Amino acid sequence: MSLIDHSRDVALIRAAQDHDLGAFAALVQKHHAGVWACLAVRMDSRHDAEDLAQEVFLTAFRKIDSCDPERPMAPWLRGIAMNLLANYRRKFRAIPVGLHEELQTVLDAEVAGQFENAGEGEMLDALRECLSLVDGPSRALLNARYADGCSIEELARQLHKRPSALSMQLHRLRVVLGDCIASKVPDSVAVYPSTPTASPSPSPSS
Amino acid sequence: MNPRSMQWQILAAGAVEGNLSKEEMEQLMSICAESAEARHALGRLLAVDRLLPLAMESAEGSLAAREAVMRIEQDEQVSMEMAWKTAERARRWLWQRRLKRVGTAAAALAVIGLGAWWLAMWQVAPASVMRSEGMVWVGTPPSFTEPDLARGQRLQGANGLLELGFRNGARVVLEGPFDVELRDETEIYLRQGRISVRCPSSAYGFKVVTEQAEVVDLGTEFCVSLEEEGKMEVHVLEGAVEAKGFGHAKTTLLAGEAVRLSKAGVKRMEVDASAFVTDMPSRKDEPIRFIHWSFDEPQGAVVEDRGRGFIGGDSDTRLLMKQFGKKAEEPKRTAGVFGGGLSFAGDGGYAETEFPGIAGNQGRSIALWVRVPKDVGVYEGHGIVSWGTVSGPRAWQLSANTTTEGLKGRLRIGTYDGGCVIGTTDLRDGQWHHVAVVMYAGSRPNLSTNVLLYVDGKKETVSRRTLTEIQTNVLEAGHGVWMGRNIVYTDEAARKGAPKMFFRGDVDEVFIVDAALSQDQIVRMMRNNEPPG
């Protein structure tokens with residue numbers, strides 16, 4: 001963080017501690033993506049992650065007096081997020097109907113391990129950059145699946161394709177995007193199977 | 001297996017999309033157990049999958065900021081706290097300047113004004129009595145003309161159980177003998193007794209303070225006991241707490257941990273959850289009432305209510321088959337999940353009972369099995385079960401959403417006039433799904449906070465919801481509960497030429513309950529067709 005950014009954050013936190021809602025809104029705006037990303041990689045529902053991210057900021061506002069303005073705010077928010085996530089998991093322990101419970105546990109642990117020292121926000125930024133390089137039918141497919149929330153079956157009906165073919169097409173896009181992220185974020189490991197040299201610019205046909 | 005192989009890719013794709021068969025999951029599990037490389041690759045793919053929806057949204061965060069600010073402004077509790085703190089700061093500022101340099105009259109007015117404000121804030125009740133069982137009070141029982149409790153109120157019980165609800169959402173169960181004082185909405189002072197505390201996220205930081213220590217919630221359920229001779233124990237059942245014995249260092253305790261605090265120090269011990277009452281027994285004087293239409297009669301135009309509590313009441317709770325229009329056919333019996341079910345053709349057949357539905361802001365649940373065809377039409381998803389009035393948000397209608405607002409085919413509860421909560425599971429697959437909508441009662445319940453959706457026993461992720469107060473009006477509806485007919489398709493709407501709006505699909509085991517059911521109860525209903533206890 002630059003010195004100017006740091007000074008701005010310090011001023012905003014102090015103002016928020018004086019119950020300046022505008023200052024707090026500026027902090028939410030700045031940190032929202034990072035908090036949401038931190039929760040989203042650990043939860044299988046984007047909507048629950050979004051709801052919980054809101055809760056993080058409401059809790060943060062209630063506890064703002066305990067935030068040290070001289071220290072970075074992101075780790076403090078992350079701590080609140082992890083506590084709320086732990087609560088959420090206790091309260092809404094899902095009945096396993098989709099992914100194998102044991103497999104889900106292993107993967108949750110894996111994802112948590114990969115982001116143990118944060119980095120979700122950086123990965124999100126890199127993903128945004130990589131996505132901007134995807135266009136054409138691939139981008140339309142990603143939009144329909146991830147922005148509009150269409151199921152594979154719905155998409156298969158609309159596109160007159162087999163669900164399994166669409167599932168693989170989306171998988172390949174995720175792999176390419178993962179490789180692209182790996183090339184942009186230091187310490188990021190490429191998604192297997194990847195090309196030997198990760199492509200920084202996914203092509204529309206990928 | 002090589003994680004670069006085609007087979008691995010197929011399994012990984014299916015895992016991320018959540019459509020693997022049991023055998024495929026076992027296979028993938030086995031690969032992941034053996035190969036860290038495979039595990040890592042799959043974890044990364046999952047992270048990409050989970051971040052993609054975010055990456056497609058605006059990076060500005062301005063909407064989130066606006067929503068956060070709106071919620072803070074709406075949060076009366078936070079506003080009150082802020083008002084109090086602002087008043088307190090102003091009071092200190094004036095005091096520091098000894099009022100000398102400020103015009104005496106203005107200062108006096110300010111102090112009086114702030115004093116009144118301060119007093120008003122002080123008088124906001126931090127907690128209220130939720131329930132009590134067998135209470136024997138010490139001395140004269142406290143006066144509970146209203147359930148609200150004042151700051152600083154002391155409660156002493158010789159025996160019995162008392163449940164308190166704090167304004168921040170914390171729930172406390174006190175077990176007699178006890179002696180406590182309510183400091184404010186975030187703190188209770190324990191002189192003696194056994195106390196269990198459950199804190200939602202809104203009550204993060206709730207404190208139990210004693211003469212020798214303080215226990216601070218970090219998002220959890222915990223219990224504290226303090227005997228007369230000063231022996232204090234802290235047991236954490238869920239989450240974490242911070243325990244600090246005065247004169248000793250802070251100790252963080254996680255779920256399953258316990259400590260004994262004394263002047264000599266802090267000593268770890270075995271947690272004993274069974275030693276505390278953590279939940280009050282259910283009210284025996286107010287059993288749950290419910291209607292249950294099982295459709296197990298082989299045929300006939302009348303479906304009996306097999307429920308409890310409403311039969312023999314003010315309204316006839318039997319369900320009658322009806323038809324709207326000469327060409328329409330009454331709903332027909334079909335094979336259900338448990339015995340028979342009821343099939344609606346979407347052409348004007350529906351069912352009605354004299355029972356008007358659950359009114360006002362009373363807690364309620366609807367649970368049923370539903371089968372929605374894959375090709376359900378735009379007017380054929382709504383009105384699976386409904387009641388209330390279509391004038392303002394005064395209705396209560398369960399549907400498979402077919403409107404353009406929100407995702408189609410998802411479970412929806414609507415109040416009319418734009419009020420709705422919509423889930424995420426697409427019901428349009430021609431398969432039976434168990435769906436439930438639970439509304440928790442409140443003085444001013446709201447769709448955004450008081451309603452939970454369940455699909456196949458699992459809490460449903462909400463894709464859309466509105467900030468609409470729930471106030472169901474059954475008095476002016478002009479009809480009872482409908483099944484299979486969209487509540488907006490009134491006789492008047494039909495006369496004005498509105499297109500027919502009748503549900504097409506099948507239902508079975510319909511329950512209408514006058515209380516908010518827990519997930520456990522819903523799962524038992526789903527699995528065993530077991531009525532709510």
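**Exercise 1. Which residue does a disulfide join to C130(A)?**

*Solution.* This is a predicted model, in which local features need pLDDT of at least 70 and side-chain atom pairs count only at pLDDT 80 or more, while totals for chains, interfaces and linings use all residues. Residues are numbered from 1 along each chain as its sequence is written, chains are lettered from A and ligands numbered from 1 in the order in which they are written, and side-chain values use heavy atoms, with hydrogens and water left out.

Step 1. Recall the bond: a disulfide is a covalent bond between the sulfur atoms of two cysteines. Here the criterion is a pair of cysteine sulfur atoms within 2.5 Å.

Step 2. Apply the criterion: C130(A) is joined to C180(A), with an S to S distance of 2.1 Å.

Step 3. Locate the partners: C130(A) lies in helix α6 (residues 120-131) of chain A and C180(A) in helix α9 (residues 163-184) of chain A, so that the pair, 50 residues apart, links distant parts of the chain. Helices (H or I, at least four residues) and strands (E, at least two) are DSSP runs, numbered from the N terminus.

Step 4. Determine the handedness: the torsion about the S-S bond of C130(A) and C180(A) is about -90 degrees, so the disulfide is left-handed.

Step 5. Assess accessibility: C130(A) and C180(A) are both buried. Buried means under 20% relative accessible area, exposed over 50%, and partly exposed in between (1.4 Å probe, protein chains only).

**Exercise 2. Describe the contact between chain B and chain A.**

*Solution.* Step 1. Count the residues: 81 residues of chain B are in contact with 80 residues of chain A, where contact means heavy atoms within 4.5 Å.

Step 2. State the area: about 7500 Å² is buried between chain B and chain A, and carbon and sulfur atoms give 63% of it. Buried area is the accessible area (1.4 Å probe) that two parts lose on being put together, summed over both.

Step 3. Name the chief contributors: R44(B), R50(B) and M56(B) lose the most area to chain A in chain B, together 10% of what that side buries.

Step 4. Count the salt bridges: there are seven between chain B and chain A. A salt bridge is a side-chain nitrogen of Lys or Arg within 4 Å of a carboxyl oxygen of Asp or Glu. One of them pairs E110(A) with R39(B), whose closest N and O atoms are 3.8 Å apart.

**Exercise 3. Compare the surroundings of three salt bridges.**

*Solution.* Step 1. Within chain A, R42(A) and E120(A) meet through their side chains at 2.7 Å, N to O. R42(A) is in the loop between α2 (21-40) and α3 (46-62) of chain A, and E120(A) is in helix α6 of chain A, 78 residues apart. Both R42(A) and E120(A) are buried.

Step 2. Between the chains, R174(A) and E17(B) form a salt bridge at 3.0 Å, N to O. The pair crosses from helix α9 of chain A to helix α1 of chain B. R174(A) has a relative accessible area of 0% and is therefore buried; E17(B), at 12%, is buried as well.

Step 3. Within chain B, E530(B) and R524(B) form a salt bridge at 3.0 Å, N to O. E530(B) counts as partly exposed because its relative accessibility is 30%, and R524(B) counts as partly exposed at 36%.

Step 4. Extend the picture: salt bridges that share partners join R145(A), R174(A), E17(B) and D49(B) into one network.
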